[in-house]
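Student: I have a structure in front of me and would like to learn how to read it. Can we go through it feature by feature?

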Amino acid sequence: MKKLFLISAAAAALTLGSAQAQELKFTPGEGDFNWESYEALKATQLNGEEVTVFGPWLGPDQEFAESVLAYFAAATGADVKYVGSDSFEQQIVIDAEAGSAPNIAVFPQPGLASDMAGRGFLTPLPEGTGDWVKENYAAGQSWVDLGTYAGQDGTENLYGFFYKVDVKSLVWYIPENFEDAGYEIPQTMKELKALTEQIAADGGTPWCIGLGSGGATGWPATDWVEDMMLRTQAPDVYDKWVSNEIKFNDPAVIDAIEEFGWFARNDAFVAGGANTVATTDFRDSPKGLFSSPPQCYMHHQASFIPAFFPEGTKVGTDADFFYMPAYASKDLGTPVLGAGTLWAITKDSPGARALIEFLKSPIAHEIWMAQKGFLTPHKAVNTDVFSDPTLKKMNDVLLGATTFRFDGSDLMPGGVGAGSFWTGMVDYTGGRSAEEVAGAIQDSWDALK
């Protein structure tokens, strides 16, 4: 468990400084950035106004966030202060209740933002922001839906602006292994299943799957089930499942669990056999891709997994990924599962509103894109500024999405999404039926009500 450092956001804030004090990483005219949006920002004068931002980023991500905020400060004259905390979720509530909230809070997931909107701690974003998101973000309506909550009076408004996104709907593979075996990248779920069967028929093992994660064992299977829900059901069904409007033991959910089981519960499809899925650590599970001969050919995991590849692995050459495809026959488009941060106004001010407006500009995204670890659904950005071609390819997946949905387990009550859902998936891979497991998870949800 992370140690909690409950400190005041204001007291711990790091002053970014004025244009004179802050060294900018890029200058107008350099590269292929959208400098027009930056120059237009200079019409907004906030000389001397303090704008405080509190978020979850520490270390390199904090530095990247500060580099973006520095451009806002340089253009507007605002005095921008950022603080990051590894106990953001606890501290933002404490600060809001004490009346000392920052101007902007950066939420790692929508659930807490929704709760705070309902308590009256968030200010609706400026009028027209939702229309802008629909027009300018790929799968724009999805982002509006994820940032729209009921306020203290029950009226729904857009409170969250998504900025910095992660993608989960990826399948990792070794290009050389595919080339040697003559395998093609599948474009549909039907083709992915056919490839799985072909690899097994050829005497290989299609998948490496591991659910082990200490006290969090089971969570990788929740990503599988969520991806399968988006590929077998319409987005509104996914939403109703996450909110428990439809029960966990609904036939639609059971079907998604069994879709995961098609891959994970077949001894011929999984390295080590189905019985090893729950006991294999997720950090170790992709290693079979790199064996010679390969212990497996494919691995389903989010964009962070290269951190656990063998040292020196070059993503894009030694290892690569493809979008986990959808069923063409179900006409559900190209859904993408992921996560991300949303920015919300927790203390309204002209500077807070100007900062949200700044996040609409391509340059606000491109500055971080040109560094490291940033993906965006903003359709107007120039993806040529990505410093890493792998990130550019991931961003193409995001920009190609017709539907985006947030990791469902992160939106469920903790006792379910970080509890019975995890353990239920371990039980399922161990042999219990989808009906039994889904029923037990629903019972645990009912017990929380």
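Student: How many salt bridges does a search of the whole structure find?

Tutor: Keep in mind that this is a predicted model. The search of the whole structure finds 15 salt bridges. One of them joins glutamate 97 and arginine 119, with the closest N and O atoms 2.8 Å apart.

Student: Which parts of the chain does that pair link?

Tutor: Glutamate 97 belongs to helix H3 (residues 88–97), while arginine 119 sits in the loop between helix H4 (110–118) and helix H5 (129–136). The two residues are 22 apart, and the pair links distant parts of the chain. Arginine 119 has a relative accessible area of 40%, so it counts as partly exposed.

Student: Where do lysine 393 and aspartate 320 lie, the two side chains that meet in a salt bridge?

Tutor: Their N to O distance is 2.9 Å. Lysine 393 is in helix H14 (residues 389–399) and aspartate 320 is in strand S10 (residues 320–323), 73 residues apart. To read exposure, use the cut-off: buried means under 20% relative accessible area, and exposed means over 50%. Aspartate 320 is buried because its relative accessible area is 11%. Lysine 393, at 31%, is partly exposed.

Student: Lysine 360 and glutamate 357 also meet in a salt bridge. Is lysine 360 buried or exposed?

Tutor: Lysine 360 has 13% relative accessibility, so it counts as buried. Its partner glutamate 357 is partly exposed, at 45%. The N to O distance in this pair is 3.2 Å.

Student: Which residues are linked in a network of salt bridges?

Tutor: Lys168, Asp223 and Asp407 form such a network.

Student: Now the nonpolar interior. Which residues of the largest nonpolar core touch the most other members?

Tutor: That core has 99 residues, and those with the most contacts to other members are Phe72, Ile92, Phe107, Trp143, Trp343, Leu355 and Phe358. Helix H2 (residues 59–76) gives the most to this core, with nine residues. Apart from this core lies another of 50 residues, among them Ile254, Val277, Val437 and Trp445.

Student: What is phenylalanine 72 in contact with, leaving aside its neighbours within four places in sequence?

Tutor: The list is Leu41, Leu46, Val51, Gly77, Ala78, Val80, Gly351, Ala354, Leu355 and Phe358. Two of these, Leu355 and Phe358, also appear among the core residues with the most contacts to other members.

Student: How should I read the directions of side chains along a strand?

Tutor: In a regular strand, side chains alternate between the two faces of the sheet. Take strand S4 (residues 104–107): Ile104 and Val106 point one way, Ala105 and Phe107 point the other way, and all are buried.

Student: Which way do the neighbouring strands S2 and S11 run against S4?

Tutor: Strand S2 (residues 50–55) is parallel to S4, and two bridges join them. Strand S11 (residues 335–345) is antiparallel to S4, with four bridges. Alanine 105 shows both sides of this arrangement: phenylalanine 54 stands opposite it, and so does alanine 344 in S11.

Student: What is the order of the strands in the open sheet of three strands?

Tutor: The order is S9-S8-S10, with antiparallel pairing. Strand S9 (299–300) and S10 are the edge strands, each pairing on one side only. Two bridges join strand S8 (residues 170–173) to S9, and within that pairing valine 171 has histidine 300 as its bridge partner. Helix H14 packs on the sheet, touching S8 and S10, and its direction makes about 10° with that of S10.

Student: Let us end with single residues. Where is arginine 405, and is it buried or exposed?

Tutor: Arginine 405 is in strand S12 (residues 403–406). Its relative accessibility is 6%, so it counts as buried. The arginine 405 side chain makes a polar contact of 3.1 Å with the side chain of serine 142. Not counting residues up to four places away in sequence, arginine 405 touches several others, including Asp145, Asp239 and Tyr238.

Student: What about glycine 160: where is it found?

Tutor: Glycine 160 is in the loop between strand S6 (156–158) and strand S7 (161–167). Its relative accessible area is 5%, so glycine 160 is buried. Beyond its neighbours within four places in sequence, glycine 160 is in contact with Leu125, Gly147, Leu342 and Trp343. Its C-alpha atom is 9.7 Å from that of isoleucine 356, which is 196 residues away along the chain.

Terms used
Residues numbered from 1 in each chain as written. Predicted model: local features only at pLDDT ≥ 70, side-chain atom pairs only at ≥ 80, totals over all residues. Heavy atoms only, no water. Buried < 20%, exposed > 50% of the residue type's maximum accessible area, 1.4 Å probe, protein only. Polar contact = N/O pair within 3.5 Å; in protein donor to acceptor, adjacent residues only side chain to side chain. Contact = heavy atoms within 4.5 Å. Core = buried A, V, L, I, M, F, W, Y, C linked by side-chain atoms within 4.5 Å. Salt bridge = Lys/Arg side-chain N within 4 Å of Asp/Glu carboxyl O. Pairing = 2+ DSSP bridges. Axes fitted to C-alpha atoms, helices over the stretch in contact; angles between N-to-C directions.
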